[in-house]
Amino acid sequence: MAVELPIYLDNHATTRVDPRVVEAMAPYWSQDYGNAASHGHVLGWRAEEAVEQARESLAAALGAEPREIVFTSGATEANNLALLGAAEAAPAGRNHLVSVATEHPSVLDPCRALEARGFDVTILPVDADGRIEPEAVTASLRDSTRLVSVMAANNEIGVLQPVAEIGALCRERGVLFHTDAVQAFGKVPLDVDEADLLSISAHKIYGPKGVGALYVRARRPRVRLEPRLYGGGHERGLRSGTLPVPLIVGFARAAELCLAEREHEAVRLAGLRDRLLARLRESLDGVALNGDPRQRLPANLNLAFEGVDADQLLVELRGVALSTGSACSSATPAPSHVLTALGLPAARVRASVRMGLGRFTTREEVDVAADRLVACVEKLRSGVPRKAAPTPLPSAGSKS
Ligand SMILES: Cc1ncc(COP(=O)(O)O)c(C=O)c1O
């Protein structure tokens with residue numbers, strides 16, 4: 001079967017919207033386009049009904065109650081609402097927060113912002129595999145700790161954290177537990193019993209960009225947050241702003257599909273991922289896996305190709321879309337804070353690329369991607385261009 005280029009192996013960055021999600025969203029653009037807060041006419045009622053159905057469906061997917069789901073513009077906003085909102089609503093004397101060095105910037109940056117405002121923040125280190133032990137979290141807790149935030153799965157190395165244990169120990173100590181579950185939701189089992197606050201995003205699960213949600217525990221304990229946005233009092237006053245009805249409908253449909261297909265997909269993707277790694281290692285020496293080999297997402301590989309500059313590899317590797325671990329949050333690309341937190345030498349960090357397989361990845365694509373990677377790594381290592389690429393070059397306009 002012919003493989004179309006580019007081959008997309010960047011599914012941690014975002015995912016293609018599933019056609020079944022597009023179909024579910026379709027009526028809500030120009031047919032049932034009402035504002036879900038318009039209570040005086042049928043278009044408003046239809047929009048509201050669609051939103052409430054989506055809320056129920058997402059709540060069911062998480063094992064939560066519908067009123068515990070707060071729609072946001074994505075997980076960046078959900079993480080900001082969780083951290084800043086919980087910190088600002090903290091009782092007097094509860095001014096300590098705990099998080100982890102490998103968290104997403106949308107968790108680490110609010111932590112820094114709170115620190116600048118006088119909160120005490122502890123950022124815990126991870127081990128060489130990128131994991132954090134629950135005991136390390138316990139040891140960091142103080143009487144003044146308001147909240148602990150630990151991600152369920154990492155977006156660069158796919159490493160899963162023991163969030164159930166960490167959540168349980170936080171509850172014992174009366175400390176709120178937030179988890180950024182963006183990369184884990186729909187991919188590995190997840191239940192809100194583990195958390196008081198939990199962030200998810202639609203575009204990582206084959207849904208649309210621009211919508212996410214924060215689960216906010218309503219009972220035992222009821223979590224109090226200070227809103228970040230004030231206005232019409234939408235989302236029980238926690239997030240004012242007109243709801244993006246088509247996106248919310250798509251989010252719920254995407255979650256339903258992920259959950260229905262999760263177990264089968266996890267096995268398929270782990271098989272493809274192992275095949276990709278095996279093919280690379282058959283042909284190349286010096287291929288090291290970053291992050292825990294077992295406690296990781298089924299579709300993630302983060303590999304260091306010894307002696308290769310990953311940025312150059314991406315330039316060379318036309319036709320395969322993947323990314324380095326670099327965070328380009330400014331004009332100057334910085335080395336990955338995640339790989340650096342694992343204690344990896346700078347040369348290995350520079351030689352590392354992230355690969356994320358997904359729902360639309362095929363075996364043929366994996367094989368072509370492996371061939372291209374082998375060819376490019378060999379070329380960069382030898383400094384000598386190969387005579388022929390193993391597969392046709394991409395058409396103009398393709399990007400890597
Ligand atoms: C772990 C993690 N948290 C948060 C985010 C931010 O999500 P969003 O793009 O919905 O703002 C991402 C997306 O890159 C992510 O991977």
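How many salt bridges does a search of the whole structure find? The search finds 24 salt bridges. The structure is a predicted model, and this report describes the surroundings of its ligand and then a selection of its salt bridges.

**The ligand and its shell**

The ligand is surrounded by 14 residues, and the closest include Thr76, Asp180 and Lys204. Gln183 and Ser201 also belong to the closest residues. By class, the shell divides into 9 polar, 3 nonpolar and 2 charged residues. Helix α4, which spans residues 75-88, gives the most to this shell, with 3 residues.

Oxygen atoms of the ligand lie at short listed distances from N or O atoms in side chains. For Lys204, the distance from a ligand oxygen to a side-chain N or O atom is 2.7 Å. For Gln183, the corresponding value is 2.8 Å, and for His104 it is 3.3 Å. On its own, the ligand has 390 Å² of accessible area, of which the protein covers 85%.

**Selected salt bridges**

Side chains of opposite charge can pair when their charged atoms come close. The table presents pairs of this kind.

| Salt bridge | Distance, N to O |
|---|---|
| Arg67 and Glu65 | 2.8 Å |
| Arg273 and Asp274 | 3.3 Å |
| Glu261 and Arg359 | 3.7 Å |

The pair of Glu261 and Arg359 joins parts of the chain that are 98 residues apart in sequence, because Glu261 lies in helix α8 (residues 245-283) and Arg359 lies in the loop between β13 (352-356) and α12 (363-382). Glu261 is partly exposed, with 23% relative accessibility, whereas Arg359 is buried, at 11%. Both residues also take part in a network of salt bridges that links them with Asp18 and Arg20.

The salt bridge between Arg273 and Asp274 likewise brings together a buried and a partly exposed residue. Arg273 counts as buried because its relative accessibility is 11%, which is under the 20% limit for that class. Asp274, at 43%, counts as partly exposed.

Which class of exposure do the partners Arg67 and Glu65 have? Arg67 is partly exposed, with a relative accessible area of 41%. Glu65 also counts as partly exposed, at 24% relative accessibility. The side chains of these two residues meet in the salt bridge listed in the table.

Technical notes. Residues are numbered from 1 along each chain as its sequence is written. This is a predicted model: local features need pLDDT of at least 70, side-chain atom pairs count only at pLDDT 80 or more; totals for chains, interfaces and linings use all residues. Side-chain values use heavy atoms; hydrogens and water are left out. A residue is near a molecule or strand if one of its heavy atoms lies within 4 Å of it. A polar contact is a pair of N or O atoms within 3.5 Å; within protein, one must be able to donate a hydrogen and the other to accept it, and residues adjacent in sequence count only if both atoms are side-chain atoms. Accessible areas come from the Shrake-Rupley method with a 1.4 Å probe; for residues, only the protein chains shown count as cover. Helices (H or I, at least four residues) and strands (E, at least two) are DSSP runs, numbered from the N terminus. Ala, Val, Leu, Ile, Met, Phe, Trp, Tyr, Cys and Pro count as nonpolar, Asp, Glu, Lys and Arg as charged, and the others, Gly among them, as polar. A salt bridge is a side-chain nitrogen of Lys or Arg within 4 Å of a carboxyl oxygen of Asp or Glu. Buried means under 20% relative accessible area, exposed over 50%, partly exposed in between (1.4 Å probe, protein chains only).
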